[in-house]
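Colleague: I am new to this structure. Please take one part and walk me through it closely, with the terms explained as you go.

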Amino acid sequence: MGTKTVDETGVKTDDEKTVKAEEEAATDQTVGKAGEAEDAAADTDDDTAPQAAAGGAVEKEGSTGVGQGAAAVVSAGLGIVSLTGSWVGTVASARESLIGQLETSSSSNVGTLIEKGYGDAWHATALWGGAFALVALIVGVVVLARPAFGAPGCPQAPWIKSVSWAGVALGVIGLLLAVLKYTDVLLGLPSTG
């Protein structure tokens, strides 16, 4: 049989049994760690498999979301331009003012001078502001209506809805102001009589 020795704690032990027990403990620990590693790998594979399978859907949704987000921002930007004025509106206004000055002579009455020199320019500014407002309104409505015609189960991001509603609201306000300016209800030309 085995020899008896004293271990670190001062207890007499059988050498063969001690060595065998230590080997079994080491083997159990190694097997346990290997099993944990396999479980972790399986968990990782299980988690990434649906993500990998859904990767195509996520990319499609992301690209659709990007387009809708860009259109929503364009809608809001056009709505702001309709309210503040644009370079195109300024050029159209200056052009109409120049044409009015060329069409009138110094002998024309004051009403004609005001109408041709400033009234037409004001109306041109209103028309361009209304055009920008109308485009902002249409783009915003299209972005808001897009999910109804898109892939089912792909909800629209809340920020896209918010920016689209802002574009629609700015478009409506810009369109209303353009109509009021064009019909001379808002800041109409002064009367000369």
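Modeller: Here is a close look at helix α4, set in the rest of the protein.

This is a predicted model, in which local features need pLDDT of at least 70 and side-chain atom pairs count only at pLDDT 80 or more, while totals for chains, interfaces and linings use all residues. Residues are numbered from 1 along each chain as its sequence is written, and side-chain values use heavy atoms, with hydrogens and water left out.

Start with the whole. The protein has four helices and two strands. Both kinds are DSSP runs numbered from the N terminus: helices are H or I with at least four residues, strands are E with at least two. Along the sequence the order is β-β-α-α-α-α.

Now the helix. α4 covers residues 158-182, 25 residues in total. Its expected span is 36 Å, and its end C-alpha atoms are 36 Å apart, so the two agree. That expected span is 1.5 Å times one less than the number of residues. Just after α4, Asp 184 has a positive phi of about 65°.

Which residues of α4 are buried? They are Ile 160, Ser 164, Gly 167, Val 168, Gly 171, Gly 174, Ala 178 and Lys 181. Buried means under 20% relative accessible area, exposed means over 50%, and partly exposed lies in between (1.4 Å probe, protein chains only). Across the protein, buried residues make up 22% of the 193 residues.

Take Ser 164. Its relative accessible area is 0%, so Ser 164 counts as buried. What does Ser 164 touch, leaving aside neighbours within four places in sequence? Its contacts are Ala 72, Ser 75, Gly 140, Val 143 and Leu 144. Contact means heavy atoms within 4.5 Å. In the protein, 74% of the contacts with a separation of 6 or more join residues 24 or more positions apart.

Next, Lys 181. This buried residue of α4 has its charged end over the ring of Trp 122, 5.5 Å from the ring centre. The rule is NZ of Lys or CZ of Arg within 6 Å of the ring centre and within 35 degrees of the ring normal.

Last, charge pairs. Side chains of opposite charge can pair when their charged atoms come close. The whole structure has one salt bridge (a side-chain nitrogen of Lys or Arg within 4 Å of a carboxyl oxygen of Asp or Glu). Glu 96 and Arg 95 form it, with their closest N and O atoms 3.8 Å apart. Glu 96 is partly exposed because its relative accessibility is 24%. Arg 95, at 52%, counts as exposed.
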